[in-house]
Amino acid sequence: MSSVEALEQSDQPAAPTGRNHLTVALLGNPNTGKSTLFSALAGIPTRIGNYPGVTVEEKVGRFSHRGCGIELIDLPGTYSLAAKSPDEQVVVDVLEGRMKGVARPDCVVVVADATNLARNLYLVSQAVAVGLPVVVALTLGDVAAARGITVDTASLSRELGCPIVSVVAPQRQGLGRLADMLLEAAEWQPPTLPERLAGCLAAADKARSAAAAEAIARYAWIDEVVAEVVTRQPDHRRSVSDRIDSLLTHRLWGTLVFVTTMLAIFSSIFWLAAPLMDLISAGIDTLAAGADALLPEGTLKSLVVDGVIAGVGGVVIFLPQIAILFLFVAILEGCGYLSRAAFLMDRLLVGVGLSGKSFIPLLSSFACAIPGIMAARTIENRRDRLLTILVAPLMSCSARLPVYLLLCGAFVPNVAVGVSWLRLPAVVLAAMYAIGVVVAAAVAFVLSRTVFRGPPQPFVMELPGWRWPQPAVVLERVREAAVSFLKNAGTLIVAVSIVVWALGSYPKLELPPAGAADAAVLKGEALRQSFLGRAGHFIEPVVRPLGWDWRLGCAAVASFPAREVVLGTLGVIYNLGDVDPGEEEGASLLIRQLRAATWDGSDRKVFTLPVALSIMVFFALCAQCASTLVVIGKETGSWLWPVVTFGYMTALAWLGAFVTYQTGTALGW
Amino acid sequence: MPGDSAFRSVGVLPHGELMRPLTQLTIGSTSRVTDVTGEDATSLRLLEMGLTPGVAVTVVGAAPLGDPLELELRGYRLSIRRSEADRVAVAG
């Protein structure tokens with residue numbers, strides 16, 4: 001509930017009806033200020049989710065006006081009601097009352113952008129024929145006025161046969177009048193098709209397909225109407241929007257601004273989030289220490305500290321990155337830059353079967369795949385969105401970096417490559433990042449030409465005018481992303497963490513090996529005896545061709561739930577106890593231990609250059625992150641896709657590590 | 001050339017008017033749409049976005065790698081790929 005006070009201020013007579021409940025659908029083109037109007041009317045949505053069976057977002061808000069409770073359904077932004085995409089099908093189904101679990105609306109508000117009336121009237125011309133009372137909310141009138149565009153709303157209202165209310169949602173102008181109109185309109189008969197529109201439709205070109213002829217006929221009507229109701233001041237001065245646009249889509253300057261913006265976003269999800277993540281870690285550690293001190297020694301304590309608290313910590317830790325990325329995405333979306341970024345990058349991505357809109361989700365995935373996959377929500381095209389989600393986990397995320405750094409530092413000889421300042425460890429590190437990108441491009445290329453083959457996907461995209469982002473809309477986007485991650489994925493991630501804890505803790509070590517009083521050795525033995533440890537033993541034949549011993553197999557298996565634990569696991573498995581490999585001392589201790597490690601029953605070293613490389617390639621390509629898989633499941637609305645992702649990435653990781661090790665060994669590295 | 005999915009070259013309309021694909025317009029120039037070929041979802045979307053016969057369209061620019069194009073029509077900016085712009089015939 002919100003907006004009550006502001007709406008009640010209009011001093012019109014009380015509601016003309018005895019109704020105490022109304023359902024209103026909010027329909028409109030993308031970029032028309034529809035979200036701003038929704039926020040201004042209903043505030044924070046009361047329900048956000050997916051429509052049954054499709055991954056189209058359902059957003060519902062509530063407010064009350066003159067004692068009448070109004071439920072506002074925010075339909076996905078659409079250009080047309082001739083359903084061609086799942087989004088458009090949802091819109092049509094809701095308007096016609098065919099959507100399961102959604103009551104047919106009592107009336108429709110069509111949002112129309114006054115700066116771009118012609119194209120917006122296309123949807124209006126379809127909306128007046130759905131058989132529901134229609135109210136047109138004319139937005140961005142202030143921007144239109146600044147550009148010398150005026151709309152004769154009285155004439156337009158007569159032509160359409162439905163009321164038009166001018167609203168400037170950020171300033172809350174016209175909201176009361178719009179709400180009054182909704183209460184009245186709900187009692188009206190649906191409008192009849194405007195006479196002239198009916199005439200144009202009847203005169204449609206019979207030579208073309210019905211759909212194409214209808215589109216042309218609707219614009220014939222629009223051209224007539226716009227000529228009558230829209231006046232443009234003969235002002236040849238280029239608008240500020242045009243000037244900003246020509247700078248930002250300029251070959252040189254536009255590219256520079258783009259690179260700078262992307263670097264800023266990328267570094268902030270990397271570095272700006274770091275202190276917040278440290279803070280969360282510290283808080284979780286304190287909580288764990290508190291529980292540790294309070295609870296008696298035993299299974300319950302282990303479950304609470306290592307299972308539940310660690311699991312919750314593993315969820316909350318992603319929030320800073322998600323919030324920061326969505327803050328940037330929402331600002332870019334609000335000011336119109338998101339479409340420009342897609343415009344600039346499209347050519348680069350279309351060759352591998354993706355589109356310009358995949359760029360920001362993929363770039364973000366270098367920090368963390370979870371916010372990246374969530375940012376794929378900005379891709380309207382289902383096929384492009386799914387492909388982007390499937391390859392996003394191949395980008396080397398920040399959790400892989402410690403593995404690369406440790407192994408590059410310890411096992412890659414520090415020699416110069418060509419020039420003295422270019423060292424081999426740095427080249428290998430860069431190669432690991434490149435492998436992810438190249439494999440992602442190859443996977444996207446193959447999938448787009450096999451599994452996802454179909455008619456070419458249109459890239460017909462509006463480049464909206466430049467405007468200031470609305471703080472309410474931006475904050476709502478961030479809040480929504482955070483809440484949906486916590487609610488949808490969070491609970492499942494905690495559950496997975498508890499299962500992993502159980503697999504690593506059971507069966508319990510029956511009898512400590514004689515003489516093994518050392519806690520570190522005990523801890524190592526306990527892990528080796530657990531289900532997780534046994535799995536490492538069990539898969540030894542599988543990892544042998546990669547040059548790994550069973551302990552490495554064990555560590556790899558143990559890091560499937562979350563790859564960042566691998567260094568800690570290596571420490572435990574090689575009997576170091578709980579060293580923190582993040583600390584310099586811990587790292588050098590771990591490096592010494594790894595360098596000294598030998599194959600069971602021989603003095604042959606486990607870690608050679610080919611082995612270190614094969615481990616890195618495996619980590620670069622493998623889907624070792626349960627949270628990512630859970631998020632893929634939630635975002636795609638199907639558990640098929642996380643299974644596919646896990647399957648193809650694990651297979652590629654094994655193959656990549658195999659080729660690396662065998663090649664390296666054959667070349668005598 | 002009705003029936004072709006794309007206008008690759010200059011053609012002549014029945015009443016003698018020249019036409020060519022939108023992709024052949026130089027950046028900054030304006031022309032009038034004469035036809036959108038094809039009856040699939042992509043062509044329908046182009047029509048729905050207002051690229052209908054008779055409308056004035058300006059090629060405002062192209063992305064740094066030459067594709068997609070930025071158009072101005074009916075008072076707003078639209079981005080379409082060259083492959084899509086090939087379906088749109090303009091006068092001249």
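Begin by selecting A:G668 in this predicted model, where you will find, just after helix α29 of chain A, a residue that takes a positive phi of about 70°.

From there, step back into the helix itself and select residues 640–666 of chain A, which make up α29(A). With the ends of the helix marked, you can compare its length with expectation: at 1.5 Å a residue, its 27 residues should span 39 Å, and because the end C-alpha atoms are 39 Å apart, the two values agree.

Next, colour the buried positions of α29(A), among them A:P642, A:F646, A:M649, A:L652 and A:Y661, and add A:G656 and A:A657, which are buried in this helix as well. Which elements do these buried residues pack against? To see them, show α17 (382–391), α19 (424–449), α27 (609–621) and α28 (626–636), which belong to chain A and receive the buried residues of α29(A).

Now bring chain B into view and turn to the place where the chains touch, where 32 residues of chain B are in contact with 31 residues of chain A. On the chain B side, select α1 (41–48), β6 (76–80) and α2 (82–85), the elements that each give two or more residues to this contact, and note that α1(B) supplies the largest share, eight residues. If you colour that side by class, it shows 13 nonpolar, nine polar and 10 charged residues.

Finish at the strands by selecting residues 461–463 of chain A, which form β12, together with β6(B): three bridges join them, and they run antiparallel. Within this pairing, pick A:M461 and look across to B:S79, its bridge partner in β6(B).

Notes:
Residues numbered from 1 in each chain as written. Chains lettered and ligands numbered in written order. Predicted model: local features only at pLDDT ≥ 70, side-chain atom pairs only at ≥ 80, totals over all residues. Contact = placed C-beta atoms within 7 Å. Helix = DSSP H or I, 4+ residues; strand = E, 2+ residues; numbered from the N terminus. Nonpolar A, V, L, I, M, F, W, Y, C, P; charged D, E, K, R; others polar. Pairing = 2+ DSSP bridges. Expected span 1.5 Å × (residues − 1). Buried ≥ 20, exposed ≤ 12 C-beta atoms within 10 Å, placed from the backbone.
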